[in-house]
Amino acid sequence: MTVEEQPQRVIRRRPKNRRAQIAATSAAAFGSLGYHGVSMEDIAARLGISSAALYRHYPSKYALFREELLRLARITAESATPPDESEDLSPRDRLDRVLDKMIAETIANRSTVTLVRWERRYLDDTDRATLEDQFTIALTTLRALIGGVRPELDGHDRAVRAVSLLSVISSIGDHHATLPAKSLTALLHSACDAIIDTDLPPEGTASAAPRAVEIPQSFKHELLLKKAVELFHARGYPNVSVEDIAAAADLSAASAVYRYYRSKGDLLAAAFRRAADRVSGAIGPAVASSSSPAEALSKLVDLYVAGSFAERELTFVYYAEFGHVSAEERTMLRNVQRLIVAEWVRLLVAVRPELTEGEARILVQAAFGLVVDLGREFGDHPSICPQPRVIRLMEVTLFGSRPPA
C-alpha cells in the first residue's frame, strides 16, 4: 500500500465550548425529566461522549443541577434590578422596564424555569440558601418598585403582589402552551399590571380552615394516602420509601402497605387522581348552577382556592411530582388536565372574547400556579394572604382589570 493509499487518521478535537455544551444539554434534560429522572450516562449519551469525558468537566450530576439552578436564580435577581439609565423614569415606567426584562429572561429560559419552581428542595442547605438569597433580592426590589407605583400599600400588601408577579411570569415553565414572544410578553405584562393595580381584600384574620378530622386507624387506605402525601411534600417523592410511609401510618412493616396499594407509585397515582377529580368534578355543577360564564368561572375560582387551602400538600405534590407517576397514569392524568383547562378556557373566552384560546390557556395555567406559589410563600402566615386575597388575585389574573360581570 502506497503512502497515498493509506487511510487518513481522523483527529477529533475537543470543542472549545464543551463545558458550555454540557451545561446546556444537562439543563435541557433536567428541565424535561427532573433531577431524579436524569443520570450522567443519559447526559453523556445526549452529547455523544463517554461518561469519563463528562466527568472531566463536572464531578457529579448534582454539580450540573446546582449550576443551572443558581444561574437561574442569579438571572432572576439581575433582571429584577432596574437599569441605571431608568433612574429618571417615572415609577411606573421603571417597573415596566423590569417586568419586560424578567419576562424576556423567563421566555429565554422557559425549558428549565420549572426546576427552580419545583425542584429547588433537592439542593443542599448551603446552595438552597444561596438560591433563596437571590430570590429575596428580586422580591425586595419588586416590593420597592411596587411601592413607588402605589405608595399607599403596606409592606405585606407589596410582598403578596411581588410574589404574585414572579409566579405569573414563571408559570410558563409549567406547561407547553405557546404564543409568539411579543404576544406572550404583552399578555404576561398585562396580567402583572392587573395584579399591581387591583385592590385586595384587607389583611386580617384568615378564613377558617376546615376542621381537621382524625382518620380512624381502621381506614388504613386513607391514612396511608394522607401520610404519603405529607412525606412526598416534605421530602420529595424519590426520598420517601415504603418503609417511611408504613412507619408514618403506624404499620408494623412495609409489607402491610401492599395490602392497600401495590407500590409507592400507586400511592402517588391515587393522590393525583384525587386532586384531578376534585377540580374536574366541580365544573359541571358550577356551570349548571350559573346564569353566565363569568358566574361559573367565579364559582370555580372559589372552589379551587378552597380545595387548595384544604389540601395544601396535595396541591403542591400534584405540581412537583407529576413526572414520577407511571407512563400509563401520566397519560390518563394529562387527558383529565387538558379537559379541565379546556373548560376553564372556554368560560374565560366567553367572558373576555378579545382573548384567543392560546392566550386564555396561558392565563388559566398562571392562575392555577399562583395559588400554589402563594400557599408556599405565605402558608405559615395565613393572615397575610387569606383565601379572599388569593381568590381576588386568581380572578384578576384571569379577568384582568375588569371585574367579572
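Student: What covers the buried residues of H15?

Tutor: In this predicted model, the cover includes helix H6 (110-118), helix H10 (220-235), helix H12 (264-281), helix H14 (293-310), helix H16 (327-351) and H17.

Student: What makes helix H15 (residues 312-320) "mostly covered"?

Tutor: Buried means under 20% relative accessible area. Seven of the nine residues of H15 are buried. They are Leu-314, Thr-315, Phe-316, Val-317, Tyr-318, Tyr-319 and Ala-320.

Student: Why is H8 called oblique to H17?

Tutor: The axes of helix H8 (residues 155-170) and helix H17 (residues 357-378) cross at roughly 135° and come within 9 Å. Roughly perpendicular ends at 115 degrees, and roughly antiparallel needs over 145. The angle falls in neither class, so H8 is oblique to H17. The crossing is right-handed.

Student: Which residues make that contact?

Tutor: H8 brings Ala-159, Val-160, Val-163, Ser-164, Ser-167 and Val-168. From H17 come Ala-366, Gly-369, Leu-370, Asp-373, Leu-374, Glu-377 and Phe-378.

Student: How do the residues of the contact of H8 with H17 divide?

Tutor: Eight are nonpolar, three polar and two charged. Gly counts as polar, so Gly-369 goes with the polar residues.

Student: Which residues touch the most other members of the largest nonpolar core?

Tutor: Phe-65, Trp-344, Leu-348, Phe-368, Leu-374 and Met-394, out of 103 residues. H17 gives the most to this core, with twelve residues. Setting aside residues up to four places away in sequence, Met-394 touches Val-301, Tyr-304, Val-305, Trp-344, Ala-367, Phe-368, Leu-370 and Val-371.

Student: How many residues are in the second, separate core?

Tutor: It has 31 residues, including Ile-245, Leu-251, Ala-256 and Val-325.

Note on methods. Residues numbered from 1 in each chain as written. Predicted model: local features only at pLDDT ≥ 70, side-chain atom pairs only at ≥ 80, totals over all residues. Heavy atoms only, no water. Axes fitted to C-alpha atoms, helices over the stretch in contact; angles between N-to-C directions. Helix = DSSP H or I, 4+ residues; strand = E, 2+ residues; numbered from the N terminus. Parallel < 35°, antiparallel > 145°, perpendicular 65-115°, else oblique. Left-handed = near helix turned anticlockwise from the far one by under 90°. Contact = heavy atoms within 4.5 Å. Core = buried A, V, L, I, M, F, W, Y, C linked by side-chain atoms within 4.5 Å. Buried < 20%, exposed > 50% of the residue type's maximum accessible area, 1.4 Å probe, protein only.
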